[in-house]
Amino acid sequence: MTDESTVRIGLVLPEVLGTYGDSGNATVLRKRLEWRGIDAAVVPVRLGDPVPSGLDLYLLGGGEDDAQALAVDYLRKHPGLQRAVASGAVVLGVCAGLQVLGTKFRAIDGVTQHGLGLLDVITEPGETRAVGELIAIPGAHLGDERLTGFENHLGQSLLGSSSTPLGRVARGTGNGDGTEGAVTGKVVATYLHGPVLARNPALADLLLGWLLGHPLPPLELTEVARLRAERLARGSSRS
Amino acid sequence: MHRTDVTIRSPLRSRASVAAGRLTAWLSRNAGFGSGGMIGGRVTLKLDPQALRRIGRDRALVLVTGTNGKTTTSLMLSRALEELGEVASNSDGANLPDGVLAALMARPTAPFAVLEVDEAYLPWVAEQVQPSAVVLLNLSRDQLDRVGEVRGTERELRAAMARLPNAIVVANCDDVLVTSAAMDAAHPIWVSTGRLWRDDSVSCPRCGHAVCHLMGQWSCTCGLKRPTPDWSLAGDLLSTPAGQVIDLDLRLPGDANRANAALALAAADNVGVPPDIAVKRLRTISDIGGRYRTIRRARHSVHLMLAKNPAGWAETLPVLVENTPVVIAVNGQEADGRDLSWLWDVPFEQLRGRHVVAAGERSADLAVRLRYADVSYQWERDPVRAIDLLAPGSVELVANYTAFRELVSRFDHDR
């Protein structure tokens, strides 16, 4: 049990949307709150559980095609996440999470599925799998620090008018048209793994700032600065 | 199955390219480029893509694949089959086609071969060599960027098993993905190892629905379910289809090694070595390619362990000796996988309060993970220097694949 002041972070279907160390994003958010004296709890929402609509933030990670189809089915039948977004919850979707949050996606088997429609994004399979380091310049009001991560997806995502890209690709593939990720209101999605919030503390704090209603004081972590320097320096070369 | 009258009748092109490969291997070893076998195999395959098919022919050949335990299980099985005759094996862990070929080239007349094969290459290698048996250990996330989706791997293995009408497929039936891959085989042998890395098998590989796990059994609404095991492991005791109960009593530690032994014994039995004889040979193994090996240095006694993914770490964390400092070395090369997101699926929080040193080419990724796990650590990129930072005494050293390999060769060089 947690009290009212505890920030509750939902880890949505981690057993199917958790292929790429995605629970790490929850760990990062929880620790960044705790280190600033704010209590936080990670609430896993598993298959078979009701999907609560009262959490503060929801995380959807990466998964394989079958797992993704299973997840979207479950979340459409148990629409707690959609209700939470309507009342202003913050959401981060990564990779399969991005595709699930969109309006439609088509997997390699050719079957088109409806997503949750929380982002104006349609995803189709591309010709080759995009695998490697991805660097993106965040869009206006979405931070000043370059975004770094590892992408690994076949899908190409096309944004409609109700979503804006999270950033512009400086290296790698991203959505496939030079943009990366999607944002509508407080719903954010990206192709960046790493996990993304471990590599991009500014993005973590942007989400937490939306959640708390005020920007957070900076948090200096030398190891994160060093990892970013190392990954971003490799932006110009292979590997 | 014991054949000693084997001669390799290969066309001129194959013989010439094998000779060229041997020469290259020799040059590579003597020029100090490391693993000569791999490069020799690579040259031969370039010169003659049919080489593997020809050199693998006319032997009783067993392929071993899966995410974790390939090297250990292959060594166990080789040791067991040596009861019958000479065994060719890629005991160096070089498990891509060139390494497999190099192992067969090194022992051209061995009537038996036990070859570990990377799971992504198993279908191609199996088609070339037409093995008499395949051992399927487990399938979980490994090297996220390279192998791609584990379910895709399962589908390809499944198709490959169905194309081997004469092969016995020894499969771990506690692993949903492995069972699905082996279910269409002509001659499956089911081994219950009690080992299950469940995170990757929540949705059914056949229909995508949720797999239901209950009291050691599992099933899906589509009909895929755990088959009745032919062999069953419980603790140290292995029950055989003939009704024997074998006490494993291995020198290697841990449940994972007992599971590997169960699969190796089932495979050996099907090649012709009964389990009571095979197990005695398994008990002679105390070291797998330097794993579990203790290296004595001037000031430190270093206990080397390999852990390359969350499933491997789940086996390793419980066997770390208490009150002993831990050096963790993580690389992110092609063979390791360049995506290190999996570090966040390892419960490093369990190392809190211990003396930890983060090392390896990707120690920056590891350091961030340890920071968020509230594990205090020292940072030294070079794993050997990381050991030297520590007070004299014992050290637990856990490394992923290329970091491990590099350390073994540095320690061997120092001797």
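What follows is a conversation about strand pairing in chain A and the contact between chains A and B in a predicted model.

Trainee: Why are strands β5 and β7 of chain A said to pair?

Mentor: Two strands pair if there are at least two bridges between them, and β5 (residues 104–106) and β7 (residues 121–138) of chain A are joined over two bridges in the parallel sense, so the criterion is met. Within this pairing, A:F105 stands opposite A:T123 in β7(A).

Trainee: What makes β7(A) and strand β8 of chain A a pair, and in which sense do they run?

Mentor: β8 covers residues 147–159 of chain A, and 12 bridges join β7(A) to this strand, with the two running antiparallel; set against the requirement of at least two bridges, they therefore count as paired. A:E133 has A:F150 in β8(A) as its bridge partner.

Trainee: How do you know that β7(A) also pairs with strand β9 of chain A?

Mentor: Four bridges link β7(A) to β9 (residues 167–171) in the antiparallel sense, and because at least two are needed, this is a pairing as well. Here A:I137 is matched with A:R168 in β9(A).

Trainee: What makes residues of chain B count as being in contact with chain A, and how many do so?

Mentor: The C-beta atoms, placed from the backbone, must lie within 7 Å, and by that cut-off 24 residues of chain B are in contact with 31 residues of chain A. On the side of chain B that touches chain A, α7 (144–147) and α13 (363–372) of chain B each supply at least two residues, and α13(B) gives the most, with six residues. That side divides into 10 nonpolar, four polar and 10 charged residues.

Terms used: Residues are numbered from 1 along each chain as its sequence is written. Chains are lettered from A and ligands numbered from 1 in the order in which they are written. This is a predicted model: local features need pLDDT of at least 70, side-chain atom pairs count only at pLDDT 80 or more; totals for chains, interfaces and linings use all residues. Two residues are in contact if their C-beta atoms, placed from the backbone, lie within 7 Å. Ala, Val, Leu, Ile, Met, Phe, Trp, Tyr, Cys and Pro count as nonpolar, Asp, Glu, Lys and Arg as charged, and the others, Gly among them, as polar.
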